[in-house]
Each structure stands twice: as structure tokens, then as C-alpha cells.
Amino acid sequence: MKRLLIVAFFFEIGFALLVVPWSAFWDRNYFAEAVPVLHTVITNNFVRGAVSGLGLINLASGLGELIAIFLARNTDTDPAPLQGFRG
């Protein structure tokens, strides 16, 4: 259950970091309007791409964790027979 929450967190943060830099919210936030130098930096397409790249990394991490959960479940439900066991 805890691992599924981690996967949900990775997906949520990943999608947010992927989409938000290209939205109007990114251009019109309090910090960007308060500091004009910061506005020029965060509206740079390279910075937006870097933030979106972090979102892709989060999505890939979430997908990797989800695959690990499914693979662990398959090995737990289908144990290999014991070879040479004399009970």
C-alpha cells in the first residue's frame, strides 16, 4: 500500500512538472511579478524544458516503481518448487 502511494506521488508530481511550466499559471505568479529578473529566467524556454524534464524523470520513476510492484507480486504468488527438499 505504501509503495502505491509513492507511485501516485511520482505520477502526480511528474504530470504537474510536465504541464505547469507551459501554462499561464507559470507566467503570472506572485514571485515572477515581484522580481522582474526572476520573471525573465523562469519564462525562458530552456528553464521550462528543464522543469518538464524533471517531470519526465518523475514519471519514469513512478512507472519503474509500478513495474517493480507488479513483478514482486508475480513472484510472491507463484513460488518456485523446492528442489531436493527432504522434509
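This passage looks at aromatic ring pairs and at one asparagine in a predicted model.

A pair of aromatic rings is described by the distance of the centres and the angle of the planes. A search of the whole structure turns up three aromatic pairs. In one of these, the ring centres of Phe11 and Phe15 lie 6.4 Å apart and the planes meet at 25 degrees, so the pair is stacked; the cut-off for stacking is under 30 degrees. Both residues belong to helix α1, which spans residues 2-19. Phe11 and Phe15 are four residues apart there, and therefore about one helical turn separates them. As for the surroundings, Phe11 is partly exposed, with a relative accessible area of 24%. Phe15 is also partly exposed, its relative accessible area being 48%.

A further pair is made by Tyr30 and Phe31. Here the centre-to-centre distance is 5.5 Å and the angle between the planes is 75 degrees, an arrangement that is edge-to-face. Tyr30 and Phe31 are both exposed.

Attention now turns to a polar residue elsewhere in the chain, Asn58, which sits in helix α5 (residues 45-77). Is Asn58 buried or exposed? Its relative accessibility is 18%, so Asn58 counts as buried, given that buried means under 20%. Leaving aside residues up to four places away in sequence, Asn58 touches Phe10, Ile13, Gly14 and Leu17.

Conventions: Residues numbered from 1 in each chain as written. Predicted model: local features only at pLDDT ≥ 70, side-chain atom pairs only at ≥ 80, totals over all residues. Heavy atoms only, no water. Phe/Tyr/Trp six-rings, centres within 6.5 Å; stacked < 30°, edge-to-face > 60°. Helix = DSSP H or I, 4+ residues; strand = E, 2+ residues; numbered from the N terminus. Buried < 20%, exposed > 50% of the residue type's maximum accessible area, 1.4 Å probe, protein only. Contact = heavy atoms within 4.5 Å.
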